[in-house]
There are 4 protein chains.
Amino acid sequence: MADLKLLIDTVRDELQSMQHQGKVADYIPELAKIDPRKFAISITNMKGETISTGDDNERFSIQSISKVFSLALALGKVGDGLWRRVGREPSGSAFNSIVQLEHERGIPRNPFINAGAIVVADVLLAGHQPREAIAEILRFVRIAANDDTIMIDPAVARSEQATGFRNFALANYMRAFGNLHHPIELTLGVYFHQCAIEMTARQLSEAGVFLANGGRDPRSGLTIVSKERARRINAVMLTCGHYDGSGDFAYRVGLPGKSGVGGGILAIVPGEASIAVWSPALNARGNSLLGTRALELIVRETGWSAF
Amino acid sequence: MADLKLLIDTVRDELQSMQHQGKVADYIPELAKIDPRKFAISITNMKGETISTGDDNERFSIQSISKVFSLALALGKVGDGLWRRVGREPSGSAFNSIVQLEHERGIPRNPFINAGAIVVADVLLAGHQPREAIAEILRFVRIAANDDTIMIDPAVARSEQATGFRNFALANYMRAFGNLHHPIELTLGVYFHQCAIEMTARQLSEAGVFLANGGRDPRSGLTIVSKERARRINAVMLTCGHYDGSGDFAYRVGLPGKSGVGGGILAIVPGEASIAVWSPALNARGNSLLGTRALELIVRETGWSAF
Amino acid sequence: MADLKLLIDTVRDELQSMQHQGKVADYIPELAKIDPRKFAISITNMKGETISTGDDNERFSIQSISKVFSLALALGKVGDGLWRRVGREPSGSAFNSIVQLEHERGIPRNPFINAGAIVVADVLLAGHQPREAIAEILRFVRIAANDDTIMIDPAVARSEQATGFRNFALANYMRAFGNLHHPIELTLGVYFHQCAIEMTARQLSEAGVFLANGGRDPRSGLTIVSKERARRINAVMLTCGHYDGSGDFAYRVGLPGKSGVGGGILAIVPGEASIAVWSPALNARGNSLLGTRALELIVRETGWSAF
Amino acid sequence: MADLKLLIDTVRDELQSMQHQGKVADYIPELAKIDPRKFAISITNMKGETISTGDDNERFSIQSISKVFSLALALGKVGDGLWRRVGREPSGSAFNSIVQLEHERGIPRNPFINAGAIVVADVLLAGHQPREAIAEILRFVRIAANDDTIMIDPAVARSEQATGFRNFALANYMRAFGNLHHPIELTLGVYFHQCAIEMTARQLSEAGVFLANGGRDPRSGLTIVSKERARRINAVMLTCGHYDGSGDFAYRVGLPGKSGVGGGILAIVPGEASIAVWSPALNARGNSLLGTRALELIVRETGWSAF
């Protein structure tokens, strides 16, 4: 881990000169306030040890990275029946596209585009009040991270609620096809709160390490999901985790990963480690620009790859 | 390898009861003649040893699996400049869709859909006569397979030439955008002949093993491509290798793979083995139905996975 | 007019045998209750005289036919500036398609598809409370029809409000692009009430006759719109009045027309007459099946045509 | 007619200041050579009298305007059966779009987009050698125009043949769906020659006047098509005659019209006159910019309108 620590410090230094590139997400007002110079890397290995660098103890909004945890939770609740309501194919479209929904009659292409994650939230809402469903997602993340201090930022949730017209469009559209089972406001309430979970880079690599470790948290020893399920979630992350930039991420980084518009990325090195990076400025496809670059440098030096 | 041999024999027996399912490709008349009950599995490990079962010494048309070899060859010739003329994102569309080409001005989404592979053939044609380009592809496959007996079936090439109206449409369309540089007949001549390469399952797993072995052929010791390039080709296979069924294949099998409408699939287990399966009947997305099922059973028993 | 009366009586008789065809709109529960055997024709000539047949004094929900009146009203308020927010091209898509909106960044293709009419409602809402805007539309229709008894059916408005998920999707989607200026609930409130205007066939042909008469109501003598504007509204009706069946209607009937899912059609014979038909069962594109057929028979006998 | 002559002279003068606008079609090399300052108007009335102005005796390539004549001819040969192979709905897309063909399985949206006109050419080729089919189209135009001097420019036909990759793509694509019945080279040969018909503005307004006159040529007295068919062709011209600018042309000009990339437009004033205009520079949708403007000025002064 000492070598790794040196590596990520070097990567951080190397990328400082590129900090003017990319653009912080501005469509959620609360996120637009973030300092684009924030930067963190954290790596958790199979023993549960974590090294980190930069603003590694600063919380950021994990946004769409939460879709990994809600997917894991929903598969635990309804199993492969989930795939009747959402596909698992790359979309070839932007994260908030509605075109595919019309052609495919309200079934989102995969659980990592917004429409798909809204369906997953609707699944988690079954038999619950929204606040119970939100609490369940948060509890799952806390267990995975072994950390009860992880919280939701209500200002971010409200901010997205007030401006999320596209998400309301997607939800209404799927409701028209009968693929949402609850009132739209409730389902989106769950979705917006899940996206507003805040974590530090350290907490995020720790929360994701079970996916690298066959479904088991190396620290608590708890089985979070089965080995086969962990692999399958990784597969969906690799093919769909970066919207219409998924193929590029797979080519350049070669690891399952999930990005969020808050600038975070969670990447999984099966059998080796989980990596969390955070840099708020995004590339044209809405994925962290320097975060992706950092992962490229790390895999080049470590030789880590799914392939 | 003894255990593996037992496993693939068992898989072959187990799948015999499903041989009425799926449908042999009928749009290329020469392929429509194949007996749907043909079945073979072959596995080559990191020592270059191969085990196989079923019709493992019978040649079949590798069709789109050839796109893996032509991609490797083209990257060797022009490097990452290739990506200016073809993308590397999953398409979310059928193998012969033309819609995406209009929206993206003649740049195919990836090198494994027909349009993309036609661009790769056009790249390989630069500075050559068509027969030289075809010979170069064939030579590459023979070197990879360590086998000079691998041939092209001219009847299949002619059959596709005579009926490939969609491919002519795709080629003309890309030519209109300036993304083909040679006369369409010549570029498609290369493409149709490349698709008509015939191999046995044994030859195919042997030809593909360099991708599992960091780019090196374990028998000849030759470096076919660099380690990094092997990984990247695997990444493209995983995200794009099964057309609009790529996500499903990644979820169920969890390995880089490339299918052909002749019923073959080449799958790569990085660091472990290459697997060739052959069963001519296809599922709705044009991928071998029993071939996919066989791979599922093999990874379930071996635990092989990219994830 | 006596000959015309005989003609429409004959048309009514002739079509009775076809009354089992088509399908009453069922997605708005209040409309699904309508007796599919209802049938009416009404013709108003340039002197303001009206003849009619069938259920000609029974009110029906004019639904999308209201879009003709709201367009006329909006053009009166903001003139050609309206076309910055909505196009005037045929859409080639279903009445409730959202695909085009994504490609054209929230600008609906024309004012007669749902998305376009919602924009027009939003224009009419400027500076008003929703009930004022609704009242203004109703007043416009009453003046055009010379009839103060025309009303809105609040049950229909509520019914659509409760089930109009696609319209909520369209509205949210346009709001995301900044092409709605008011809260979605308010704009859609106006839209749903406008669609719930009830008229008899007689009232409808009388309300529409100004479009045949160069913009002037032949009875009251009032100029409702300018001559040029009347012609232009007719042009939009001809190219866009029947969704993705507009070309077929133009070919078979040859008159500007606007249909509604309540089964009504308003057709304009420039310089001659306005025609209202009502038959609730719809064809596959959501236009009155027998209503269209009735218009075909009428133009065949009268020789009426825009061409 | 004296007043009209004065009017069109005035229009010509008025538009001279705008002659720097628009852009001559450059994708057919032979057309790119045309002097953009060329300008002509010709009007033929119901007595068969013609007035004209500008370069009214200079031949230009009528290009897509020929689709009106080939449609009339094909309807005469196969009647409404034509509509099984081509639709009659506006396309909402550019003249050479291929997207719609994929979604609608090789059936072009209407006979005035390229794909549709290629199908019409294929219909006219039935039972003929290409040169016979070409001769038949030319004969039809000559009869309509009462003028045996009308010719095809073979250099233009060759020029399009050599560069028409998109048209080859469209044809191959429709062939893949079985909607072309002859070898593509032959069908496109007919199509390219038909587009290369050359006429003066005078010849063009004379050739089109039968559509304004209920199908009958006022000079020869010949019935070219039935009255009903003339109306229906006018209807298709109005809804589909200007590609994805058809709605705009209907709104601004209000007449059935068909444009060609050579800069010509044929407009029909039912019961009054036919109008030919020619000005080579095109607007963004491929329709003559000043030609459209000229028609706007003419209808404003004359009050001519279909509506």
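This is a short talk about one residue in chain D and about the interface of chain A and chain B.

Okay, before anything else: what we have here is a predicted model.

Let's start in chain D, with Ile51(D). You'll find Ile51(D) in strand E3, which covers residues 50–54. So is Ile51(D) buried or exposed? It counts as buried, because its relative accessibility is 11% and the cut-off for buried is under 20%. The strand around it goes along with that: 4 of the 5 residues in E3(D) are buried, so E3(D) is mostly covered.

Now, what does Ile51(D) touch? Skipping the neighbours within four places in sequence, its contacts include Met1(D), Leu4(D), Ile8(D) and Arg202(D). Ile43(D) is on that list too, and Ile43(D) is also the bridge partner of Ile51(D). That pairing belongs to strand E2, residues 40–45 of chain D, which runs antiparallel to E3(D) and is joined to it by 5 bridges. The two strands make a hairpin with 4 residues between them, and in the turn Gly48(D) has a positive phi of about 85°.

Right, over to chains A and B. How much area do they bury between them? About 2,700 Å², with 55% of it on carbon and sulfur atoms. Each side brings residues to the contact: 32 from chain A and 32 from chain B.

On the charged side of things, there are 4 salt bridges across this interface. Arg285(A) and Glu89(B) meet through their side chains in a salt bridge, at 3.9 Å from N to O. There are also 18 residue pairs in polar contact. On chain A, helices H11 (227–240) and H12 (246–252) each supply at least two residues to the side touching chain B, and H11(A) gives the most, with 7 residues. By class, that side of chain A has 13 nonpolar, 8 polar and 11 charged residues.

Note on methods:
Residues are numbered from 1 along each chain as its sequence is written. Chains are lettered from A and ligands numbered from 1 in the order in which they are written. This is a predicted model: local features need pLDDT of at least 70, side-chain atom pairs count only at pLDDT 80 or more; totals for chains, interfaces and linings use all residues. Side-chain values use heavy atoms; hydrogens and water are left out. Buried means under 20% relative accessible area, exposed over 50%, partly exposed in between (1.4 Å probe, protein chains only). Contact means heavy atoms within 4.5 Å. Two strands pair if DSSP finds at least two bridges between them. Buried area is the accessible area (1.4 Å probe) that two parts lose on being put together, summed over both. A polar contact is a pair of N or O atoms within 3.5 Å; within protein, one must be able to donate a hydrogen and the other to accept it, and residues adjacent in sequence count only if both atoms are side-chain atoms. Ala, Val, Leu, Ile, Met, Phe, Trp, Tyr, Cys and Pro count as nonpolar, Asp, Glu, Lys and Arg as charged, and the others, Gly among them, as polar.
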